[in-house]
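Hi everyone, thanks for coming. I'd like to walk you through one structure today, so have a look at it first and then we'll talk.

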Amino acid sequence: MAGERANTAMISRLQKAESMDGEAASSEEIWKETGGVRGPDHKWRFEIPDSLDKINFRKDVKPHTLGEIYDNPALYEAYP
């Protein structure tokens with residue numbers, strides 16, 4: 001999940017989710033229409049697909065950055 005400050009956040013969709021929430025729409029209706037959901041801290045989130053099968057666990061002992069072991073361009077675009 002990503003938040004409002006992600007570079008790829010669609011603010012208009014999150015604003016629509018906020019509006020729907022104010023009109024007492026269910027969280028399921030909000031998710032279906034906007035892709036937004038409130039986190040436990042009550043801030044809006046949207047999903048970044050993950051592909052955990054793309055994790056490349058290295059067997060060497062040197063430290064690696066996340067980008068070296070996990071291939072997820074959408075995540076790195078949202079949070080460079």
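**Helices, core and charged pairs**

Let me start with a small piece: K32 and E28 both sit in helix 2, 4 residues apart, or about one turn of the helix. Their side chains meet in a salt bridge, 3.3 Å from N to O. K32 is exposed, and E28 is too. Please keep in mind that this is a predicted model.

Now over to helix 1. How far apart are its end C-alpha atoms? They are 16 Å apart, and that agrees with the 16 Å that 12 residues should span at 1.5 Å a residue. Within this helix, L14, A17 and M20 are buried. Looking down the axis of helix 1, the buried residues fall within an arc of 115°, so they line one face of the helix. Turn to the other side of helix 1 and you find S12, Q15 and G22, which are exposed.

What do the buried residues of helix 1 pack against? Their partners are helix 2 (27-34), strand 2 (36-38) and strand 3. A17 gives us a nice close-up: leaving aside neighbours within four places in sequence, A17 is in contact with I30, T34 and W44. And just after helix 1 comes A24, with a positive phi of about 65°.

That brings us to the largest nonpolar core, which has 12 residues, among them L14, A17, M20, I30, W44 and F46. Two elements give two or more residues to this core, namely helix 1 (11-22) and strand 3 (44-46). Helix 1 gives the most, with 3 residues. As a general point, nonpolar side chains tend to be buried together in soluble globular proteins.

Back to charges. How many salt bridges does the structure hold? There are 5. In one of them, the side chains of K16 and E33 meet at 2.9 Å, N to O. This pair links distant parts of the chain, with K16 in helix 1 and E33 in helix 2, 17 residues apart. K16 has 40% relative accessibility, so it counts as partly exposed; E33, at 49%, also counts as partly exposed.

Then there is D41 with R45, whose side chains meet in a salt bridge at 3.1 Å, N to O. D41 counts as partly exposed because its relative accessibility is 40%, and R45 counts as partly exposed at 22%. Finally, E18, D21 and R38 are linked in a network of salt bridges.

That's my tour, and I'm happy to take questions!

Methods. Residues numbered from 1 in each chain as written. Predicted model: local features only at pLDDT ≥ 70, side-chain atom pairs only at ≥ 80, totals over all residues. Heavy atoms only, no water. Core = buried A, V, L, I, M, F, W, Y, C linked by side-chain atoms within 4.5 Å. Buried < 20%, exposed > 50% of the residue type's maximum accessible area, 1.4 Å probe, protein only. Contact = heavy atoms within 4.5 Å. Expected span 1.5 Å × (residues − 1). Arc of directions from axis to C-beta. Salt bridge = Lys/Arg side-chain N within 4 Å of Asp/Glu carboxyl O.
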